[in-house]
Amino acid sequence: MTSSENVTVGRDVYYDPYDAAIDADPYPTWRRLRDEAPLYYNEKFDFFALSRFADVEAALADWNTYRSGQGSVLELIRANIELPPGIILFEDPPVHTAHRRILAQVFTPKKMNALEPKVREFCARSLDPLVGAGRLDLIKDLGAQMPMRTIGYLLGIPEEDQEAIRDRFDEGLKLAGDGTELPSWDMSYGGDEFGAYIDWRAKNPSDDIMTELLTAQFEDETGTTRTLTREEILTYIALLTGAGNETTTRLVGWAGKVLAENPDQRRELAADRSLIPNAIEELLRYEAPSPVQARYVAHDVTHLGQTVPEGSVMVLLNGSGNRDERRYTDPDRFDIRRDVGRHLTFGYGIHHCLGAALARLEGRVALDEVLRRFPEWEVDWPNAVQARTSTVRGWETLPVITG
C-alpha cells in the first residue's frame, strides 16, 4: 500500500461518530479504516481519524501536537467556545499540569479503594429486593445509580444533588436527529446544584474530598501559591460527578450484554470470582465505554506520508485500537482469560483517566454482586435501548431476564 492509498479511502469507506447505524456496531467500519484508511478524512464534518492501536497510542501521548484545550469532543471543538478553568479533560499544560496535580493528590487510588465496602453495600441494597423477581434492568436498577453514589461518598455530596447532576450530564451528551443537529454545550458547570453545599462545607469542614479541595494549596501556572477559587471547585465537582458517572454506567451495561452473549464464560466467572478483575480488563478492551476522543491539531503533522494541517480536528478511535489485530490476537473474541496488557480505554499520557482505579473497583464489585445473586440471565432485547452520543457508547436501558 503506498502512502497516498493510506489516506482516507477506498472511497466507499465512511465513518462518523454521529451515524446511529455505525454506532450500533462500529467494529466492521473501524476494521476497514484500520486496513484501508488508517488515516481517514471525513469531508462532511471536516475531521481526520486514526484507528490503529500504535497510531492512537502515540497521538494520545503527544499532547504538544494533539491539544485538548478546545475540548476533547468533536462537536465541542467545532463550537469554539470558551471553556471554564478546571475541566482537566479540556486543558493543556501548564494549566492542566497544575490542576491535575491537585486532583491527583486528593483523588488517590488508596482513597478510592477504601470505598469498596460502601460500594458493595450499595450494590447489595439495590439488588437484594430484585432476587426472585425474574428480571432486572442492569442500567436503571444498578448501573445508573452506583457510580453517582460512589462519587457522592468521595465528595460528601447529598444523594438528591447527585441525581440532578447525573441527569443533566446525560442530557448534555445525547444526540438528536441525524447528528447534524449537534448538542448545545452548557458550560456553566454545577453552580445551581452545588454552590450552596460548597458554601456550607467551607464553614463545616469534614473528612471528605470536598473539604480537601477547599483547603488544598497549590502552585498555579503563573507560579502563584493559592487555594482553588469557588468557580474552580464547582467545575471540579461537576467534572468528577459527570465523568465518573457516565463511563462506569456504560461498563456495567456492557458487562450484562457481553456476558449474556458468552454464557460459558459467565458461568466460569460465577464459579471462580478470582477471574473477575481480569474479566473487567477484557470488558474494558472489548467494549470501551468511551471509544472516541477528539483533539485540536496544534501544528502541521505527517501521517503515512500525508500532511494533517494545523487547525484540523483529529479523532482518535481508542475503541478501534483496542480491537486492532496488529496488537491483539483474535481481537473480536471476548476472552476473560486474555492477557490484556495495556489497552487504550482510559487514554494514555497526561490525560490518562484519574478515575481508572475507581472504575475498575466499581466494575469488579458490581459484577461480583450481580453474579452472586443472578448467575444466569438473558437480555430482554425488545426493551433494551442503546444510548446515542458521539463520545461514550453503551446502554440507556438493559433489562435482563434472570434464570
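Asparagine 80 lies in the loop between α5 and α6. In this predicted model, asparagine 80 has a positive phi of about 55°, although the residue is not a glycine. Its side of the loop is open to solvent in the following sense: asparagine 80 is exposed, with a relative accessible area of 60%.

The loop between α5 (74-79) and α6 (95-106) also holds proline 94. The peptide bond that joins proline 93 and proline 94 is cis, with omega at about 5°.

A positive phi of about 55° is found for leucine 304 as well, again in a residue that is not a glycine. Leucine 304 belongs to the loop between β8 (301-303) and β9 (306-308). With a relative accessibility of 29%, leucine 304 counts as partly exposed, because the partly exposed class runs between 20% and 50%.

The accessibility values of three loop residues are set out below.

| Residue | Loop | Relative accessibility |
|---|---|---|
| Asparagine 80 | between α5 and α6 | 60%, exposed |
| Leucine 304 | between β8 and β9 | 29%, partly exposed |
| Serine 68 | between β3 and α5 | 1%, buried |

Serine 68 is situated in the loop between β3 and α5. Serine 68 counts as buried, since its relative accessibility is 1% and the limit for burial is under 20%. The side chain of serine 68 makes a polar contact of 3.2 Å with the side chain of arginine 295. Neighbours within four places in sequence aside, serine 68 is in contact with Leu89, Phe90, Glu91, Asp92, Arg295 and His351.

The strands β3 and β7 are both members of an open sheet of five strands, ordered β1-β2-β10-β7-β3, with mixed pairing. Its edges are formed by β1 (39-42) and β3 (66-67), each of which pairs on one side only. Within the sheet, strand β7 (residues 293-297) runs antiparallel to strand β10 (residues 313-316), and four bridges join the two. Tyrosine 296 has valine 313 as its bridge partner in β10.

Helix α14 comprises 32 residues, from 230 to 261. From its first C-alpha to its last, α14 reaches 47 Å, close to the 46 Å expected at 1.5 Å a residue. Most of α14 is covered, as 26 of its 32 residues are buried.

Terms used
Residues numbered from 1 in each chain as written. Predicted model: local features only at pLDDT ≥ 70, side-chain atom pairs only at ≥ 80, totals over all residues. Heavy atoms only, no water. Expected span 1.5 Å × (residues − 1). Buried < 20%, exposed > 50% of the residue type's maximum accessible area, 1.4 Å probe, protein only. Pairing = 2+ DSSP bridges. Polar contact = N/O pair within 3.5 Å; in protein donor to acceptor, adjacent residues only side chain to side chain. Contact = heavy atoms within 4.5 Å.
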